[in-house]
Structures are given as structure tokens and as C-alpha cells.
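Student: I have a structure open on my screen and would like a close look at one part of it, with enough of the surroundings to find my way. Could you walk me through the nonpolar core and the places around it?

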Amino acid sequence: HVPPELVYDYDVFEPGPRGSDFFVELYALKQRAPAVFWTPCNGGHWYTTDSDLTEQVLGDSRRFSSQILQLPRENNPPPGMGFAPMFLDPPEHAKYRAPLLAALSRRTVTDLIPKIRRLAIDMIEALKPRGRCDFMTEFAFQMPVITFFGLADLPEKYQAGLRDYVHRIVDAHSDKAQLFAEVSAHLSPFVDDRIANPGDDLISFLVKSEVDGAPISREKLHGMAVLVLLAGLD
């Protein structure tokens, strides 16, 4: 069903040789591939290398639903399921985005600045005596995780497992669908605990929020908690 000149063999999970620069490989793809092409990899799908066309796709929920975000297609949750609001189309998307925006308001983030600065200083001071460090693994990968733990007031028993996922999530070659499922399962009991015993943290704020005049369902709360964690790591 695709004209031969628009078929281009490209695997999004293998953008280049292992160890290559991800962004260099994407730029090279833009130079050699059509602006829109069909790749037979991962079950077959369309791909655009043009930023204007990409914006057009992202802004057209009628033809390009947010319910289909993962490859291959069978990795996507059933319609209406999945992390809210990421897997939702308008108008539901805005309804669930609003409490997240309120939870992560400018005031909330501004109030966090002194704590984050203190955290950065403490981490640097701990590394200084050694005179060297691996910046990515010992500083950059640690800060967003610790910051999320503070935002969510995540107990120590849930932290160790989540630290494990950081390297795998930022790896372009990792199985994202499997990782999302593992992170989702790991956070599930924590969400149940916050529903039963809400506090002053980010997830508790969502527990106390309403959509269409009713509390957010447990399933949607769970998805929003996972989404906030993944966004923070990203």
C-alpha cells in the first residue's frame, strides 16, 4: 500500500551502531531518508524526519491518536487505558493535564529550588575529595531520581528498585514497553498507600484532585504517578 520510493528500512530502536552518537545518527537520517517514509521494521509504521510535518502530526489527534504511541502497535494499552494524560486525546487530555500542571506549578518548583541547590552542593562536596568522577552516572543520573523521591515523598523501600531503571530508560536501545511495565508494577503499592494515607506530597495532591467533579480513579492516578516519574528521569 506504499509507493516504493517512500519505503525506507530504518529501525527506531537501532538508530546507529552501538556506542554511536544518537543525535548524529538522527541528523544523518534526515539527510539521506525521505521527509516521510514507511519502514517495515517493528511491525511497519510511518516516520517523518521533517520538524514541520512532525508538529502537524503531533497537533492532529483525529488522524494521529495519542492512544498509539509505542512500537510495535500491540505494545499499546487498550483505548482509554495507559498513562494519563499521555495516552489520552482531547478533551480528556486537558482534564487530566490540569491537575498535573497545578501539582507542578511555578510556585511548587520555585519552592524546590533551595532544596535542589543544596542537594547539588552536597553531591559535589562528596565527590570533590576524589578529584574526579563519572559525571553522568554519579551526578546527572542521580539528581532527577532523588528530586522525584523528594517530590513524591517516596519511602526508602521503593527507591532502590527505581534507581535500577535509570540507566535502562535513557538507553536508546532498551525495550521501553517492558521498562514502563516494570516501573508501573514497582510504583503500584506506593500509589495504593497514598490513596489510603494521603500526605503533602505530589501524588497525594493528585489523590485529592478531581476531574469532572469526581476523584481521579485509581487506574488514572497510577498512570499519572508513573508518567511523572518517567518525565522526571527523562
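Tutor: Here is a walk that starts with the whole chain, moves into the core and then visits a few single residues.

Please keep in mind that this is a predicted model. The mean pLDDT of the chain is 87, and 94% of its residues reach 70 or more. Confidence varies by element: H7 has the lowest mean pLDDT, 69, while E1 has the highest, 97. That is worth remembering for the core, since H7 is one of the helices that supply it.

First, the overall layout. The chain is built from 10 helices and 4 strands, and reading along the sequence gives the pattern α-β-β-α-α-α-α-α-α-α-α-β-β-α. Its C-alpha trace spans about 55 × 55 × 30 Å along the principal axes. Of the 234 residues, 35% count as buried. The accessible surface comes to about 14,000 Å², with 57% of that belonging to carbon and sulfur atoms. If you take the contacts between residues at least 6 apart in sequence, 56% of them join residues at least 24 apart.

Now to the core itself. The largest nonpolar core has 37 residues, and Leu154 and Leu162 are those with the most contacts inside it. At least two residues each come from helix H3 (92-103), helix H6 (142-152), helix H7 (156-169), helix H8 (176-196), helix H9 (202-208) and helix H10 (218-233). Of these, H10 gives the most, with 8 residues. To see how the pieces meet, centre your view on leucine 162: leaving out residues up to four places away in sequence, it touches Phe149, Leu154, Val183, His186, Leu187 and Leu229.

Next, follow H6, one of the contributing helices. Its buried residues are Met143, Val145, Thr147, Phe148, Phe149, Leu151 and Ala152. Among these is a residue with a polar side chain contact, threonine 147: a polar atom of its side chain lies 2.8 Å from the backbone oxygen of methionine 143. In an α-helix there are 3.6 residues a turn, so residues three or four places apart point the same way. Beyond its sequence neighbours up to four places away, threonine 147 touches Ile116 and Leu119. Just after H6 comes aspartate 153, whose phi is positive, near 50°.

Two other contributing helices, H3 and H9, can be visited through one residue each. Serine 204 sits in helix H9, and it counts as buried because its relative accessibility is 0%. Setting aside neighbours within four places in sequence, serine 204 is in contact with Arg194, Pro198 and Gly199. Alanine 102 belongs to helix H3. With a relative accessible area of 38%, alanine 102 is partly exposed, because that value falls between the 20% and 50% cut-offs. Apart from neighbours within four places, alanine 102 is in contact with Thr108 and Phe205. For a sense of distance, the C-alpha atoms of alanine 102 and tyrosine 27 are separated by 36 Å, and these two residues are 75 apart along the chain.

Let us turn to a loop. Asparagine 76 lies in the loop between helix H2 (51-58) and H3. Why does this loop residue count as buried? Asparagine 76 has 11% relative accessibility, so it falls under the 20% limit for that label. Its side chain has polar contacts with backbone atoms: it reaches the backbone nitrogen of glutamine 70 at 2.9 Å, and one of its polar atoms lies 2.9 Å from the backbone oxygen of arginine 73. Outside its neighbours within four places in sequence, asparagine 76 is in contact with Gln67, Ile68, Leu69, Gln70 and Phe87. The C-alpha atoms of asparagine 76 and aspartate 153, the residue that follows H6, are separated by 30 Å, with their positions 77 residues apart along the chain.

Finally, take a look at a strand pair. Strand E1 (residues 36-39) and strand E2 (residues 45-48) pair in the antiparallel sense over 4 bridges. Within this pair, phenylalanine 37 stands opposite tyrosine 47 in E2. The hairpin has 5 residues between the strands, and asparagine 42 takes a positive phi there, near 55°.

Key
Residues are numbered from 1 along each chain as its sequence is written. This is a predicted model: local features need pLDDT of at least 70, side-chain atom pairs count only at pLDDT 80 or more; totals for chains, interfaces and linings use all residues. Side-chain values use heavy atoms; hydrogens and water are left out. A nonpolar core is a set of buried Ala, Val, Leu, Ile, Met, Phe, Trp, Tyr and Cys residues joined through side-chain atoms within 4.5 Å. Buried means under 20% relative accessible area, exposed over 50%, partly exposed in between (1.4 Å probe, protein chains only). Contact means heavy atoms within 4.5 Å. A polar contact is a pair of N or O atoms within 3.5 Å; within protein, one must be able to donate a hydrogen and the other to accept it, and residues adjacent in sequence count only if both atoms are side-chain atoms. Two strands pair if DSSP finds at least two bridges between them. Accessible areas come from the Shrake-Rupley method with a 1.4 Å probe; for residues, only the protein chains shown count as cover. pLDDT is the predictor's confidence in each residue, from 0 to 100.
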